Amino acid sequence: MPASSATEPVSLTPPRADGVTPHPRLTTIVPSPDVAWPGLVWTLVRTDFKARYHGTASGFAWALLKPATMFVVLVAVFSFVFASEPTYRLDLIIGLFLWDFFADATKTGMTSLSAKSFLLTKAKLPRWIVVVTSMANAVLTLIVFAVVVSLFIVGSGRSPGAAAFAAFALYLVALTLMVAGLALASSVLYLRYRDLNQVWDMATQAGFFLAPIIYPLGVIPERFHLWLFLWPPTPVMEFARAALVDATLPTTRGHACLALMVAILLGGGAAIYRRYAPRAAEYL
Amino acid sequence: MSAASLIDVEAVSKSFLIPSVRRDTVREHVFGVFEPRRFEQLHVLDRVSFTLRRGETLGIMGRNGCGKSTLLRILCGIYIPDGGRVGVHAGITPILELGVGWNPELDAVDNVYLMGTVLGLTLRGISAQLDGILAFAELDRFARLKLKHYSSGMASRLAYAVAFAAVREVLVLDEIFAVGDAGFRARCEARYGELREAGHTVLMVSHDPRTISTFCDRALLLDGGSLIAEGTGAEVAARYVELLTATP
């Protein structure tokens, strides 16, 4: 190795005579030739959780308190309005926790690439994994609420049966896949349109009332139902309510329509992501 | 590709479209729909070709905006080139823009895990080396302090420590030895020496003629996106100084 110049008397071999401490031994760890998937996924999820909830269970409790508070307030107000609906409370809590997941996961998914720009401009890694793992906290909340709601249903004296709970689990998967499609598409589009999150905020604000969360679908004239079902959370809410509360499974045609919706949103989202992701780093 | 080449860059070009009016939001696009924009093509790299040979340290010099960072990002797979071909035949550890960019809401330990896994390390590997990384960065005492409370120098030291622990066959270094005090620079230089002795190949970008002439076996000079000179580190460093002093 060439010697250091006379103008900069920096020795290349510590310990040095001028008091600089010798460097601690840094052993080389040879990285895996490709992405170390398990560690990367776990670290992204764990650090997201820590940054969001300050790494504490009490921090996570806030994520559960938000829909729970909403539920209490809405029950207090609308139970009077829909007093004739015997299953209103159960329908409301199912609608609310599904909606909370939809709104939260799509929002964090949209800004996920931008929020992780400090990583994406430094190393090559599969960017889609950043988008998908950004939904992990919302998925965790969804699972917690799903268990709580299921226990609540059983505790209320209903016994929808194993098939209903299995169908309910499938609906949650369907909703998660739809949200993943939306997140994939919006994460790359957000880099080009930086107010897309505000547009989406408006859409979800309107969408909250478009979905039959605080009102039973039956109060809307039937000719509008098809349009309401085009809003992704609606079929999942209605199907989940049918399975858990009414103990009836939707028709095969209904399931086929839901599967088609999942395919369109996930496929479309992935296609948009594939179109724009290669140049995403140029917009970070 | 020759047997000794680890990276082959053939006629790589990259340009960015610069609009006359920048529109980054849906609102700006909607309201500007009747105001057509002109786009100017900014050629950042223009048919750049070179080879990185096994075991060498290749330096890249050039003035600000000459395309050095873009070139490094293309080599690391972060940007895709518009034209040409990049053949990478070895694993690359990129050390780019380390002075900025951590998660400020996480402490040093979590940031080490985050950056380490992104650089391809396993959790077990990071855990085994965590103390060494913190000691190298002289941040043992502040390991549980959130990065938002760090100075830029402390954050940079941590970044170098992580990157110097996770080393694939090729190291790509952007402005190495430009952070920290004399003591930390000496540690970085010593670590660099260890890695060279271990046979790692290095591609480094620097504005500092001393760094290029001291550490590089060979160097390239970029100007206006084109490769204008190639030679030993000392030759290219001297040419770079000439270029700077000749420019009005």
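This passage walks through selected features of chains A and B in a predicted model.

A good place to begin is the overall make-up of chain A, which contains 12 helices and 0 strands. Followed along the sequence, the pattern of chain A therefore reads α-α-α-α-α-α-α-α-α-α-α-α, each run being a helix by DSSP. Chain A has 284 residues, and 48% of them count as buried. Its contacts can be sorted by how far they reach along the sequence: among those between residues at least 6 apart, 77% join residues at least 24 apart. Chain A exposes about 13,900 Å², and 68% of this area is supplied by carbon and sulfur atoms.

Part of the surface of chain A deserves a separate look. Trp37(A), Val41(A), Trp128(A) and Val132(A) make a nonpolar surface patch of about 330 Å². Two helices of chain A, α1 (37–53) and α6 (127–134), each supply at least two residues of this patch. One of the patch residues, Val41(A), is found in helix α1 of chain A. With a relative accessibility of 30%, Val41(A) counts as partly exposed, because that class covers values between the 20% limit for buried and the 50% limit for exposed residues.

Another spot worth visiting in chain A is Ala247(A), which is not a glycine and yet has a positive phi of about 55°. Ala247(A) sits in the loop between α11 (233–244) and α12 (252–276) of chain A. Ala247(A) is partly exposed, its relative accessible area being 45%.

Chain B brings strands into the picture. An open sheet is formed by 3 strands of chain B in the order β2-β1-β4, with antiparallel pairing. The edges of this sheet are taken by β2 (39–53) and β4 (83–88) of chain B; each has a single partner strand, so one side of each is left without a neighbour in the sheet. From one strand to the next, the twist averages 25°. In general, strands of a sheet pair through backbone hydrogen bonds, in either a parallel or an antiparallel manner.

The pairing of β1 with β4 can be followed in further detail. Strand β1 (residues 5–19) of chain B is joined to β4(B) by 5 bridges, and the two strands run antiparallel. On the β4(B) side, Gly87(B) is the bridge partner of Asp8(B). A helix accompanies the sheet as well: α2 (residues 68–75) of chain B lies across β1, β2 and β4 of chain B. The angle between helix α2 and β2(B) is about 60°.

Strand β2 of chain B also holds Arg47(B). Phi of Arg47(B) is near 45°, a positive value in a residue other than glycine. Arg47(B) is exposed, with a relative accessible area of 59%, because a value over 50% places a residue in that class.

The final stop is Arg168(B), in the loop between α5 (152–165) and β6 (170–174) of chain B. Arg168(B) has a relative accessible area of 13% and is buried, because values under 20% fall in that class. Arg168(B) and Arg85(B) are 83 residues apart along the chain, and their C-alpha atoms are separated by 22 Å.

Definitions and conventions:
Residues numbered from 1 in each chain as written. Chains lettered and ligands numbered in written order. Predicted model: local features only at pLDDT ≥ 70, side-chain atom pairs only at ≥ 80, totals over all residues. Heavy atoms only, no water. Pairing = 2+ DSSP bridges. Helix = DSSP H or I, 4+ residues; strand = E, 2+ residues; numbered from the N terminus. Axes fitted to C-alpha atoms, helices over the stretch in contact; angles between N-to-C directions. Contact = heavy atoms within 4.5 Å. Buried < 20%, exposed > 50% of the residue type's maximum accessible area, 1.4 Å probe, protein only. Areas by Shrake-Rupley, 256 points an atom, 1.4 Å probe, with all protein chains shown as cover. Patch = residues over 30% accessible without salt bridge, like charges linked within 9 Å, V, L, I, M, F, W, Y side chains within 5 Å. Salt bridge = Lys/Arg side-chain N within 4 Å of Asp/Glu carboxyl O.
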